[in-house]
Amino acid sequence: MATAEIDDRGGAGTPGRAWLAPLLLTLAVQSVASFLLRLPPTVGPILTAERGVSPAAVGYLSGAAMIGSMLFLLAGAPLMERVGSVRTLQIGLVAGAFGVALMALPSGPVLIAAVVLMGLGYGPSTPAGSDILHRFVPPHRQALVFSIKQAGVPIGGVLAGLILPPLVEHGGLTAALAVSALIALATVLAVQPVRRRVDPAGPEGPPLTLARFLSPDNLLTPILVLRSTPGLVRLALSGLMLAVSQGVWIAFLVTILVDRFGLGLIAAGGLFAIMQTAGIVGRIGLGWIADRIGSGTLTLRVAAGLSAACTLALALLPATTPIPLVAMLCTLAGATVTGWNGVQIAEVARISPRGRVRETAAGATLLLFTGYVLGPMAFALAVSATHGYAGPLLAVALLTAVSALVPRGTTGADVSRP
């Protein structure tokens with residue numbers, strides 16, 4: 001793929017904001033891909049009831065979706081090299097729409113295959129999106145722009161919460177699935193005009209074969225690229241620790257609020273929505289701060305410290321804590337515990353080897369998803385073993401605090417690409 005050279009004015013040597021269209025493209029795809037991924041948990045009670053499985057199966061479906069995403073991160077490089085980043089994003093949305101359609105079939109194994117396919121479709125969002133933005137966004141704006149793009153994750157969750165329950169109530173599960181698939185396909189068509197500007201070159205990589213996807217060289221590339229540059233492994237490991245904390249908050253906040261603080265489900269769900277909304281603001285705010293102070297890693301360290309403090313507070317607050325104080329904690333947690341992603345991804349892209357942004361982002365995101373999968377599982381085991389939430393939450397707080405020490409420091413002089 002031809003690589004556009006960026007300058008201080010906005011990318012590709014053109015005046016103004018040439019990066020705005022790539023940002024809108026990647027934000028739209030990120031939001032819709034996240035919307036599809038939130039479909040199973042959002043319609044979980046109806047979905048599991050109609051399929052005759054336990055409501056707890058939603059947890060397994062979420063894990064299966066993450067496995068699908070991790071499969072793409074491991075093996076998807078040949079596709080991005082062959083067809084370009086935008087086309088890969090489009091293919092991902094088509095795969096997600098097909099997975100949604102499969103969910104309409106009354107079969108347990110097909111349901112698992114459907115969510116794996118939806119996760120596979122979500123997989124390109126970070127590596128392909130990082131490649132696009134890194135080529136078009138000036139270095140001094142990358143933390144903010146990457147963070148705006150990553151705000152598509154909570155945006156997708158909010159949209160799922162607003163759109164899907166009314167659709168299920170008025171039209172049934174089939175209507176919700178049909179509308180979700182149509183939204184994905186409409187987004188594919190909407191970004192097509194921008195594709196010609198962002199990825200003007202035709203196919204460049206070797207022809208796609210199953211052997212290329214499964215070759216050891218391809219499967220090991222994301223990890224090997226991480227190891228090739230000083231600081232990348234430490235930065236990725238810090239992201240893994242932060243992902244454990246984020247995964248625990250997202251998976252268990254409602255349960256903790258109901259079980260430990262005695263809130264009703266509606267009140268707990270409202271506080272969860274507050275956290276998600278604060279996550280949108282937090283991602284953009286932390287990105288702006290990182291660009292202003294000229295250090296992504298310093299911003300990550302501060303966010304990690306505040307995240308650890310939030311988890312510590314959740315562990316130590318008494319059950320009689322007034323709801324307004326709990327709401328304030330959820331707001332701060334949304335801005336920090338779930339707000340660091342864009343800065344971390346921008347920092348990974350900044351110090352990645354030249355021309356290897358997609359592979360580096362894939363390797364770092366693979367570690368993030370490992371944290372999202374293993375963190376809640378380990379937390380659940382710890383809660384069962386200790387018969388309480390305080391001890392496991394203290395352990396998560398400690399791990400988050402350690403993550404602040406892992407990234408290598410950068411200063412204002414490090415903002416430009418090496």
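This is a short walk through one protein structure, from the whole chain down to a few single residues.

Hi everyone, thanks for coming. Please keep in mind that what you see is a predicted model.

Let me start with the whole protein. There are 19 helices and zero strands. The protein has 418 residues, and 53% of them count as buried. What does the surface look like in terms of atoms? About 17,000 Å² is exposed, and carbon and sulfur atoms supply 72% of that area. As for the contacts, take those between residues at least 6 apart in sequence: 83% of them join residues at least 24 apart.

Now to helix packing, with two pairs to look at.

The first pair on my list is α8, residues 125-136, with α18, residues 357-386. Their axes lie 8 Å apart, and the packing angle is about 140°. Is that parallel, antiparallel, perpendicular or oblique? Antiparallel would need an angle over 145 degrees, so α8 is classed as oblique to α18. The crossing of these two helices is right-handed. Which residues meet there? On the α8 side we have T126, P127, S130, D131 and H134, and they face V357, R358, A361, A362 and T365 of α18. By character, that contact divides into four nonpolar, four polar and two charged residues.

The second pair is α15, residues 296-316, with α17, residues 341-351. Here the angle is about 150° and the axes are 9 Å apart. With the cut-off at over 145 degrees, α15 therefore comes out as roughly antiparallel to α17. This crossing is left-handed. G296, T297, T299 and L300 are the α15 residues in the contact, and V343, Q344 and E347 are their partners in α17. The division in this contact is two nonpolar, four polar and one charged.

Let's move on to single residues, and go back to α8 for a moment. F136 lies in that helix. Buried or exposed? F136 is buried, because its relative accessibility of 7% is under the 20% limit. Where does the chain come back to F136? One place is A18: the two are 118 residues apart in sequence, yet their C-alpha atoms are 7.0 Å apart in space.

Next, S34, which sits in helix α1, residues 20-37. S34 has a relative accessible area of 0%, so this serine is buried. What does S34 touch? Leaving out residues up to four places away in sequence, S34 is in contact with Y122, G152, V153 and G156.

On the exposed side, look at D259 in helix α13, residues 232-259. D259 has a relative accessibility of 55% and so counts as exposed. Here too we can pair up two distant parts of the sequence: D259 and Y389 are 130 residues apart along the chain, and 9.7 Å apart from C-alpha to C-alpha.

My last stop is H387, in the loop between α18 and α19, the latter being residues 390-403. H387 is exposed too, with a relative accessible area of 74%. Why pick out its backbone? Most residues other than glycine have a negative phi. H387 is not a glycine, and its phi is positive, at about 55°.

To recap, we have seen an oblique pair in α8 and α18, a roughly antiparallel pair in α15 and α17, and a histidine with a positive phi at H387. Thanks for listening, and I'm happy to take questions!

How values were computed. Residues are numbered from 1 along each chain as its sequence is written. This is a predicted model: local features need pLDDT of at least 70, side-chain atom pairs count only at pLDDT 80 or more; totals for chains, interfaces and linings use all residues. Side-chain values use heavy atoms; hydrogens and water are left out. Axes are lines fitted to C-alpha atoms, for helices over the stretch in contact, and angles run from 0 to 180 degrees between N-to-C directions. Helices (H or I, at least four residues) and strands (E, at least two) are DSSP runs, numbered from the N terminus. Angles under 35 degrees count as roughly parallel, over 145 as roughly antiparallel, 65 to 115 as roughly perpendicular and the rest as oblique. A crossing is left-handed if the near helix is turned anticlockwise from the far one by less than a right angle, and right-handed if clockwise. Contact means heavy atoms within 4.5 Å. Ala, Val, Leu, Ile, Met, Phe, Trp, Tyr, Cys and Pro count as nonpolar, Asp, Glu, Lys and Arg as charged, and the others, Gly among them, as polar. Buried means under 20% relative accessible area, exposed over 50%, partly exposed in between (1.4 Å probe, protein chains only). Accessible areas come from the Shrake-Rupley method with a 1.4 Å probe; for residues, only the protein chains shown count as cover.
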